[in-house]
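Here's a quick briefing to read alongside the model. Keep the 3D view open and click on each residue as it comes up.

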Amino acid sequence: MLNKLAFRNAKRSMRDYLVYLVTMAAVSAMMFAFNSLIFSKDIQSMCSEAGVLAAMLGMITFFIVLIVAWLINYMAKFMLEKRSREFATYLLLGLKKKDLSRLYLKENLLIGTAAFFIGLGVGMLLQQVIMTVFYSVFSEEYQLHIQMNVWCLVMTAGCYYACYLFALLRNKRAFRKMSIAELLQMEKKNEAIRIGHERLRQWLFFVAAAYIVFVYVMMVRGCSVWMALILMGGFVAAVYLLFHGLSAFIICRVQKKGKGMYRGSRIFVFRQMASKVRTMRFAMGTLTLLLICSLMGSAFSLMFARYQGQAADYSVPFDVAVHSPDPEDDFAEEISVVASYNEIQEQRIYRIYENQSQEMNRYFGAHVTTSMENHVDADGNFVSGGEYYDYDTFMKLSDYNALREMLGQQPVALAEDQYALQTKPRIKRDFGEDIYGQKVEAGGRSLSLAQVYTDPFSQNGINGADYLIIVPDEVCEGMTPYYSVYAADIEGEGSAELRDQLDEVHRHRHGLLTYEEYEAEWLREEESADGSKESEDSEEWTDSLMGGTGTDQMIVMQADTFVKDADTGDLKFMVTAVTFPLEYIALIFVFVALTILAVQQLSDSGKYRYRYDVLKKLGMKKKAVDRTIFGQLALYYLVPAVAAVAISSGIVIYAGNQFVKYTGAAGSGWGYFGISLLISAGIYLLYFAATYLGFKRNVEEA
């Protein structure tokens with residue numbers, strides 16, 4: 001009997017709360033589609049770093065489970081209030097509280113199960129979209145095929161139903177405490193505007209706004225990790241306090257009853273809004289935080305997604321590149337390794353030179369915004385700090401043109417008294433016109449700058465650190481070779497096996513261990529010390545033989561050996577392991593927030609039916625009623641949205657501009673935030689339209 005009743009009630013709830021059903025189906029679809037990335041054999045075979053993506057998605061899933069559990073708990077309590085008289089009737093008919101609790105649990109699980117299987121079907125289609133996008137990042141073609149992994153289903157179902165169990169266990173305890181009288185009175189409670197200390201509450205708004213501005217200032221100035229965590233805790237509290245103050249402003253606006261308040265149906269709309277904000281201020285604060293996280297997650301995802309290709313191209317433009325601190329290195333063993341894997345189409349061994357000068361280092365240290373602040377010591381000598389080589393780095397024009405030809409670029413011509421500067425696009429933006437007045441003393445000549453080039457050229461330590469000074473060949477004859485480099489263009493794709501073998505041979509030639517060998521040696525030393533402590537003579541890991549690594553931030557590729565296809569694939573995978581989870585959590589959060597907004601209004605449409613009927617009887621025409629409904633819903637939807645946009649815009653725009661500054665990525669903070677806002681606004685409008693049409697239909701049934 002109870003099973004039939006649960007099934008009937010679940011069907012009715014699915015109809016009444018269709019938006020909630022659709023959202024839970026979307027949640028299960030996204031869970032399945034993104035979880036499939038973790039267990040996909042195609043992805044595991046594509047990249048050795050697949051575990052990073054799995055770890056990131058697993059961490060994001062934890063937060064998603066908490067938020068979805070909050071949504072389910074909120075909806076369960078909301079439906080309980082709306083059906084309280086029905087449940088009171090069940091108790092009056094002799095149903096025990098324990099059985100009533102089980103009945104409600106079954107109803108919610110039936111709704112959740114229906115949404116889960118609907119979402120599973122949609123998730124299979126979404127899986128194909130995500131996999132296609134994922135493969136396109138790596139310039140690979142994806143053949144559409146459903147990937148149904150048992151462990152993926154188990155994980156998706158486990159996370160999904162864990163949300164329900166966390167949420168419904170709390171409602172089970174609530175049923176035990178409720179009496180018939182409380183259930184009968186629950187639905188009759190009105191959203192009364194409780195007035196008191198409104199002036200004090202208004203000050204809370206200004207205090208909260210001032211604190212948020214303070215957080216912005218501290219973000220710009222910089223602070224420690226612990227201070228940042230404390231500030232973020234206060235930031236969350238400030239968002240909730242904003243709505244305490246906002247409700248007081250609306251109430252005072254209604255109390256003043258100025259001429260504008262009586263225009264049209266304005267006082268009706270404001271009174272409804274005042275009661276909503278006052279009774280739902282905690283929910284409004286939570287929704288605002290969800291929307292802030294959604295906007296930030298989407299914007300940060302766009303930042304990294306847009307830059308990953310550019311970072312790879314500029315860091316590894318050559319098919320194979322090897323750095324050696326030995327200026328006379330012939331790279332014989334490395335060339336043999338490359339030839340054993342791929343046919344070498346074109347190759348070149350060349351030297352980078354120095355003449356004990358530091359003038360260009362000083363110029364870069366003073367002008368490049370991402371370089372260390374204190375780049376000159378007390379004696380006036382340049383201090384590299386690992387960013388730049390100790391001395392200015394030079395390259396022969398013939399070597400430069402040969403490498404440009406290898407990359408498909410046009411050759412460069414220089415007069416006897418000229419030099420060219422090869423650097424990065426973001427660094428060129430830091431220069432003023434004074435760069436063209438920067439003289440270079442080399443080979444007994446005073447050289448003037450002819451041109452600045454910013455083509456991709458592997459300048460994170462291999463071809464200079466951030467820059468190279470290109471000079472006529474004869475100028476280098478009087479200089480000292482600094483280090484040597486090998487670059488090659490190969491037939492086919494460079495594999496991870498080639499990269500690993502090349503790295504092993506190169507490191508062994510220079511008396512270094514590979515990372516795997518170092519780890520094994522470190523473990524042996526620990527065992528020799530009986531596991532109590534590390535051996536005192538344990539050597540530190542040496543990751544590079546380069547004397548400078550450049551000033552790149554955020555996304556950095558630094559190594560003595562590079563194989564383009566393998567290394568760029570790893571870089572893109574690492575960045576994708578960040579972008580996909582960020583977009584995942586952004587979509588989930590915006591869906592959860594909008595579901596709460598939509599269900600609240602659609603469920604209250606029955607209550608408002610009587611109020612709008614009164615307005616009609618007072619002479620308000622249908623168009624005016626529709627405008628009033630639109631205004632009421634628009635105001636209700638706009639309050640958390642405007643707060644979220646106002647708060648997140650400062651963070652995203654600042655972070656976006658800093659990202660562009662430190663990485664050289666195209667775009668700006670405004671652009672990233674604008675695109676993120678457009679995506680969220682599109683979803684927002686869909687939910688608003690569905691709410692408006694449903695609300696108007698319910699009111700018109702009066």
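**Charged pairs and what surrounds them**

Let's start with a salt bridge: the side chains of Arg348 and Asp399 meet with 2.8 Å between N and O. Arg348 sits in strand 2 (residues 344–354) and Asp399 in helix 15 (residues 397–406), so to speak two distant parts of the chain, 51 residues apart, linked by this pair. Keep in mind that you're looking at a predicted model.**How far to trust it**

- The protein has a mean pLDDT of 83, and 87% of its residues reach 70 or more.
- Watch out for residues 532–537, where pLDDT stays under 50.
- For that stretch, the model has 4 contacts beyond four places in sequence.
- Where pLDDT is low, don't read the predicted coordinates in detail.

**More on the salt bridges**

- Side chains of opposite charge can pair up when their charged atoms come close.
- How many salt bridges are there in this model? The count comes to 14.
- Back to the opening pair: is Asp399 buried or exposed? Asp399 is buried, because its relative accessible area is 7%, and the cut-off for buried is under 20%.
- Its partner Arg348 has 28% relative accessibility, so Arg348 counts as partly exposed.
- Glu86 and Arg12 also meet through their side chains in a salt bridge, at 2.6 Å from N to O.
- That pair links distant parts of the chain, with Glu86 in helix 5 (residues 84–92) and Arg12 in helix 1 (residues 2–16), 74 residues apart.
- Glu86 is buried at a relative accessible area of 18%, whereas Arg12, at 27%, counts as partly exposed.

**A charged network**

- Now find Arg426 and Asp552, whose side chains form a salt bridge of 2.8 Å, N to O.
- Arg426 belongs to helix 16, while Asp552 is in the loop between helix 18 (515–528) and strand 9 (561–563), so this pair ties together parts that are 126 residues apart in sequence.
- Arg426 is buried, with just 2% relative accessible area, and Asp552 counts as buried too, at 13%.
- Which residues are joined into one network by salt bridges that share partners? They are Lys424, Arg426, Asp466 and Asp552.

**Empty space inside**

- Rolling a probe the size of a water molecule over the atoms shows where empty space is left.
- Searching the whole structure turns up 4 cavities of 30 Å³ or more.
- The largest cavity has a volume of about 180 Å³.
- It is lined by 21 residues, and the closest to its centre are Tyr307, Tyr314, Lys424, Pro425 and Asp552.
- Two elements give two or more residues to this lining: helix 12 (281–315) and helix 16 (425–428).
- Helix 12 supplies the largest share, 5 residues.
- What is the lining made of? It divides into 7 nonpolar, 10 polar and 4 charged residues.
- Two names should ring a bell here: Lys424 and Asp552 are among the residues closest to the centre of the largest cavity, and both belong to the salt-bridge network.

**Three residues to click on**

- Ser315 is part of helix 12. Ser315 counts as buried because its relative accessibility is 7%.
- Leaving aside neighbours within four places in sequence, Ser315 is in contact with Ser458, Asn460, Met557 and Phe562.
- Gln459 is in the loop between strand 6 (445–453) and strand 7 (468–471). With 3% relative accessibility, Gln459 counts as buried.
- How far apart are Gln459 and Lys424 in sequence and in space? Gln459 and Lys424 are 35 residues apart in sequence and 7.9 Å apart in space, C-alpha to C-alpha.
- Not counting residues up to four places away in sequence, Gln459 touches several others, including Tyr314, Lys424 and Asp466.
- Tyr436 is in the loop between helix 16 and strand 5 (440–442). Its relative accessible area is 35%, so Tyr436 is partly exposed.
- Tyr436 and Ala450 are 14 residues apart in sequence, and their C-alpha atoms are 7.6 Å apart in space.
- Beyond its neighbours within four places in sequence, Tyr436 is in contact with Leu449, Ala450, Gln451 and Val452.

Notes: Residues numbered from 1 in each chain as written. Predicted model: local features only at pLDDT ≥ 70, side-chain atom pairs only at ≥ 80, totals over all residues. Heavy atoms only, no water. 1 Å grid on protein atoms, 1.4 Å probe; cavity = no way out; pocket = protein on both sides within 12 Å on 5 of 7 lines; lining within 4 Å. Points joined across faces, edges and corners; volume = space filled by probe spheres on them. Helix = DSSP H or I, 4+ residues; strand = E, 2+ residues; numbered from the N terminus. Nonpolar A, V, L, I, M, F, W, Y, C, P; charged D, E, K, R; others polar. Buried < 20%, exposed > 50% of the residue type's maximum accessible area, 1.4 Å probe, protein only. Contact = heavy atoms within 4.5 Å. pLDDT = per-residue confidence, 0-100. Salt bridge = Lys/Arg side-chain N within 4 Å of Asp/Glu carboxyl O.
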